[in-house]
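Colleague: I've got this chain open next to its sequence and I'd like to talk it through. Can I throw some questions at you?

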Amino acid sequence: LRLNNFISENSKSTRQEEARFSLKKCGAYSYNSLVEEAIARYQRATVQDFRSEVGATKRRMRSVIASKSHDSFSITESKMPYVEHTIISLLKWDIFKYVTHNDQIRLRKEFHRKEGAAYVVACLLAGRRPVYAGDRFVLWSSDGNIRDFLDVMAEFFDRRVHSGDNREQNSGTIANQCRRFLSPKEKFSIAFQNECLRAVSQSSLQTIKAMENTTDEPNYYLLQGLGELQRKMHHSLTRGEAVRTPERGVFVVDYEQFDRLAAGHQLPGFSGIVRRIERDGFLRIVNSDEDQEKTEIAFRLHRRLAPALECSPRGAYERVRLDPKLLLRLLLQVEPISPREWAQSIYDGLTGRDARQRSFEI
């Protein structure tokens with residue numbers, strides 16, 4: 001409303017239909033199209049080898065998948081199955097086993113479940129950084145919170161209307177820029193969106209880093225440690241873990257056990273720590289009724305941090321149980337350990353346990 005009032009007061013145009021903002025301005029991009037954007041214009045051997053491997057997978061898929069389903073599997077003449085190739089290659093799936101219609105429906109569902117995680121890995125395999133753009137990426141960065149959505153839009157507005165730091169403009173020029181910002185006819189480019197979402201994410205990460213050597217230092221260690229751990233899980237190529245168990249990072253902690261171990265140290269209760277950080281906008285509590293019965297708290301990093309960590313844009317969905325003893329070591333720093341070292345030790349324990357579990361699969 002404030003933008004529309006400003007436009008009407010400072011612009012000669014009276015066509016209000018041009019000033020109706022919609023997230024359609026951001027476009028709706030498939031993961032494969034974003035991989036193409038990430039690797040376009042790059043001729044390095046890593047990119048060319050990746051393209052060649054994807055092309056070979058595409059040919060195998062086209063020989064098996066029903067022609068009427070080629071579009072949904074991104075294997076038409078004009079598309080490339082970057083994400084599907086990543087899943088198939090890392091998990092060593094035999095595409096020739098998916099012959100029947102029901103098999104291919106099941107395959108499509110498996111691709112859909114893993115595609116967010118596989119998107120990030122596909123970019124890594126090509127030696128490129130993931131691109132964050134599109135209407136759903138904007139909504140994911142907001143994480144269902146209107147305050148966070150406005151933060152994201154403020155970055156878009158500042159960069160588009162004020163051209164970053166250039167604020168020396170008259171009201172008429174700014175009004176016209178505002179009209180263009182709101183107009184559904186003018187789309188935001190992929191590069192522009194990626195720049196904005198990464199800037200918002202980096203700003204949050206810098207705020208976390210600024211907590212070090214302050215009274216909020218335990219919060220710094222917790223958030224930095226969780227961020228490093230999530231990045232390792234989302235980037236893991238060992239046995240295809242990043243796509244085998246996609247989007248891990250819903251952390252579960254027995255807060256009563258943590259509080260008993262922390263007795264005598266100058267730390268608030270763990271549940272209180274998490275709830276305070278959630279109010280600050282860095283975590284989201286995702287407790288179920290079962291968690292409350294077990295005196296456990298489940299939480300994940302805010303999805304706004306995904307671009308800075310280069311994790312799946314969907315955030316975290318799969319649960320990871322954290323040992324309160326190891327968590328306490330990170331927060332207290334009685335035995336100094338960096339967030340990265342701590343994350344590596346936790347990750348090594350997780351992957352070792354996962355390998356043991358798979359050895360007993362029937």
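Colleague: Let's start with Lys 92: buried or exposed, and at what relative accessible area?

Modeller: Bear in mind that this is a predicted model. Lys 92 is found in the loop between α4 (82-91) and α5 (101-125). The cut-off for exposed is over 50% relative accessible area. Lys 92 therefore counts as exposed, with a relative accessible area of 72%.

Colleague: And how far is Lys 92 from Gly 240, C-alpha to C-alpha?

Modeller: Along the chain, Lys 92 and Gly 240 are 148 residues apart. In space, their C-alpha atoms are separated by 9.0 Å.

Colleague: Zooming out, how many helices and strands are there in the chain?

Modeller: The chain has 362 residues, and buried ones make up 50% of them. It exposes about 18100 Å², with carbon and sulfur atoms supplying 49% of that. As for the elements, the count is 17 helices and four strands.

Colleague: In what order do the four strands sit in the sheet?

Modeller: Go pair by pair. β2 and β3 are antiparallel partners over three bridges, and β1 and β3 (residues 296-301) also pair in the antiparallel sense, over four bridges. On top of that, four bridges join β1 to β4 (residues 318-321), and those two run parallel. Put together, that is an open sheet with mixed pairing, in the order β2-β3-β1-β4.

Colleague: Which are the edge strands, then?

Modeller: The sheet is an open one, in the order β2-β3-β1-β4. An edge strand here pairs on one side only, and that leaves β2 (283-285) and β4.

Colleague: What does the twist average from one strand to the next?

Modeller: We're still on the open four-strand sheet, with its mixed pairing. From one strand to the next, the twist averages 35°.

Colleague: If I want to check the register by eye, which residue of β3 stands opposite Phe 251?

Modeller: There are several pairs to try. Leu 283 stands opposite Leu 301 in β3, and Arg 284 stands opposite Arg 300 in β3. For Val 252, the bridge partner in β3 is Ala 298. For Phe 251, the residue opposite is Phe 299.

Colleague: Which residue in β4 stands opposite Val 250?

Modeller: That takes you to the parallel pairing, where four bridges join β1 to β4. Opposite Val 250 in β4 you'll find Arg 319.

Colleague: Phe 299 again: buried or exposed, and at what relative accessibility?

Modeller: Phe 299 is found in strand β3, where six of six residues are buried. It touches a long list of residues beyond its sequence neighbours, including Leu 226, Phe 251, Phe 270 and Ile 285. Since buried means under 20% relative accessible area, Phe 299 counts as buried, at 0%.

Colleague: How many residues of β1 are buried?

Modeller: β1 (residues 248-254) is mostly covered. Helix α10 (residues 217-235) lies across β1, β2, β3 and β4, running at about 135° to β1. Of the seven residues in β1, the number buried is six.

Colleague: What about the largest nonpolar core: which helix gives the most to it?

Modeller: That core has 54 residues, and those with the most contacts inside it are Met 61, Tyr 119, Val 138 and Phe 156. Apart from it lies another core, of 41 residues, among them Leu 229, Phe 270, Ile 285 and Ile 337. Back in the largest core, eight residues come from the helix that gives the most, α5.

Colleague: I care about cysteines. How many disulfides are there?

Modeller: A disulfide is a covalent bond between the sulfur atoms of two cysteines. Take Cys 26, which is buried at 0% relative accessibility: its closest cysteine sulfur, in Cys 196, is 9.1 Å away, so that is too far for a bond. Phe 156 touches both Cys 26 and Cys 196, along with others such as Val 138 and Phe 181. With a cut-off of 2.5 Å between sulfurs, the disulfide count comes to zero.

Methods
Residues are numbered from 1 along each chain as its sequence is written. This is a predicted model: local features need pLDDT of at least 70, side-chain atom pairs count only at pLDDT 80 or more; totals for chains, interfaces and linings use all residues. Side-chain values use heavy atoms; hydrogens and water are left out. Buried means under 20% relative accessible area, exposed over 50%, partly exposed in between (1.4 Å probe, protein chains only). Two strands pair if DSSP finds at least two bridges between them. Axes are lines fitted to C-alpha atoms, for helices over the stretch in contact, and angles run from 0 to 180 degrees between N-to-C directions. Contact means heavy atoms within 4.5 Å. A nonpolar core is a set of buried Ala, Val, Leu, Ile, Met, Phe, Trp, Tyr and Cys residues joined through side-chain atoms within 4.5 Å. Accessible areas come from the Shrake-Rupley method with a 1.4 Å probe; for residues, only the protein chains shown count as cover. Lists of a residue's contacts leave out its neighbours within four places in sequence.
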